[in-house]
Amino acid sequence: MWAGCRLFPLLLLALLRGLCHGREAAPSAVTCGSVLKLLNTRHSVRLHSHEVKYGSGSGQQSVTGVEASDDANSYWRIRGKSDGSCQRGTPVKCGQAIRLTHVNTGKNLHTHHFPSPLSNNQEVSAFGDDGEGDDLDIWIVQCSGTYWEREDAVRFKHIGTDVFLSITGEQYGHPIRGQREVHGMPTANHHNYWKAMEGVFIKPSMDPAKHDEL
């Protein structure tokens, strides 16, 4: 009891410091280090990747949209544009540059000037090894408030080519039958809104071990 009373002022001080630095400003925000699935709100499919390469264009690992909510290949980790620029548990701000790393393959969400195979928009692929790719892996989170809130639909704009991460509904055949094409589009519209769904969200706390599992 005595030890707890002595510890309480220290915890209160740490909390106040966190508030002053904005660490507790957005408890429902998506945070750096979180692992999540992203739902395209127009087409109700989740951003997905797998060890299947494009048969045209870059030949890199393909990125698609899937309807299933329980597919483990739809998890992505939120990272900064460089190591150390997005501290674990820090809320992601609107306008912040991030990387999205595919958890199961370690490749980053990427786009470049290759045509996408079905719609002839800009190809989106997964690129790199163990989370390290190049400057074409960087995306800006576009949202209307201060932070990327979990319940809000947001856009991802590619820094290098100015396209938006999008789905317009084209479906693949064999070997990924029924999966949707993911591509980059130059215009902001209802095809490029995404919402955070299932995942492990690291809390904006001084204790990095704390998280929410959804």
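A residue counts as buried when its relative accessible area is under 20%, and as exposed when that value is over 50%; in between, it is partly exposed. This tour of a predicted model applies that scale at several stops.

**The whole chain**

Begin with the protein chain in a cartoon view. Its secondary structure consists of one helix and 14 strands. Of its 214 residues, 47% are buried. Turn next to a surface view: the accessible surface of the chain is about 10,400 Å², and carbon and sulfur atoms account for 53% of that area. Among contacts with a separation of 6 or more, 63% are between residues 24 or more positions apart.

**Ser34**

Select Ser34, in the loop that runs between helix H1 (2–20) and strand E1 (35–40). Is this residue buried or exposed? Its relative accessible area is 0%, which is under 20%, so Ser34 is buried.

Now display what surrounds Ser34. Beyond its neighbours within four places in sequence, Ser34 is in contact with Trp76, Arg77 and Ile78, and also with Val200, Phe201 and Ile202. Take Ile78 from that group: 44 residues separate Ser34 and Ile78 in sequence, yet their C-alpha atoms are 5.6 Å apart in space. Then show the side chain of Thr31, which is joined to the side chain of Ser34 by a polar contact of 2.8 Å.

**The disulfide of Cys32 and Cys86**

Next, select the cysteines. The structure holds two disulfides, and with bonded cysteines counted along the chain, their pattern is 1-2, 3-4.

Centre the view on Cys32 and Cys86, which are joined by a disulfide with an S to S distance of 1.7 Å. This bond links distant parts of the chain, 54 residues apart: Cys32 belongs to the loop between H1 and E1, while Cys86 belongs to the loop between strand E4 (76–80) and strand E5 (97–102). What is the hand of this disulfide? The torsion about its S-S bond is about -85°, so the disulfide of Cys32 and Cys86 is left-handed. Both Cys32 and Cys86 are buried.

**The disulfide of Cys94 and Cys143**

Move to Cys94 and Cys143, which form a disulfide with their sulfur atoms 2.0 Å apart. Here too the pair links distant parts of the chain: Cys94 is in the loop between E4 and E5, and Cys143, 49 residues apart from it, is in the loop between strand E8 (139–142) and strand E9 (153–158). The torsion about the S-S bond of Cys94 and Cys143 is about -120°, so this disulfide is left-handed.

Colour Cys143 by accessibility. Its relative accessible area is 23%, a value between 20% and 50%, so Cys143 is partly exposed.

**Aromatic rings and arginines**

Select Trp148 and Phe156 and show their rings. The structure holds one aromatic pair, and Trp148 and Phe156 form it in an edge-to-face arrangement, with 5.4 Å from centre to centre and 75° between the planes. Both of these residues are buried.

Then return to Phe201, one of the residues in contact with Ser34. Add Arg150 to the view: its charged end sits over the ring of Phe201, 4.2 Å from the ring centre.

For the last stop, select Arg155 together with Tyr193. Arg155 lies over the face of Tyr193, at a distance of 4.0 Å from the ring centre.

Methods
Residues numbered from 1 in each chain as written. Predicted model: local features only at pLDDT ≥ 70, side-chain atom pairs only at ≥ 80, totals over all residues. Heavy atoms only, no water. Helix = DSSP H or I, 4+ residues; strand = E, 2+ residues; numbered from the N terminus. Buried < 20%, exposed > 50% of the residue type's maximum accessible area, 1.4 Å probe, protein only. Contact = heavy atoms within 4.5 Å. Polar contact = N/O pair within 3.5 Å; in protein donor to acceptor, adjacent residues only side chain to side chain. Areas by Shrake-Rupley, 256 points an atom, 1.4 Å probe, with all protein chains shown as cover. Disulfide = S-S within 2.5 Å. Phe/Tyr/Trp six-rings, centres within 6.5 Å; stacked < 30°, edge-to-face > 60°. Lys NZ or Arg CZ within 6 Å of the ring centre and 35° of its normal.
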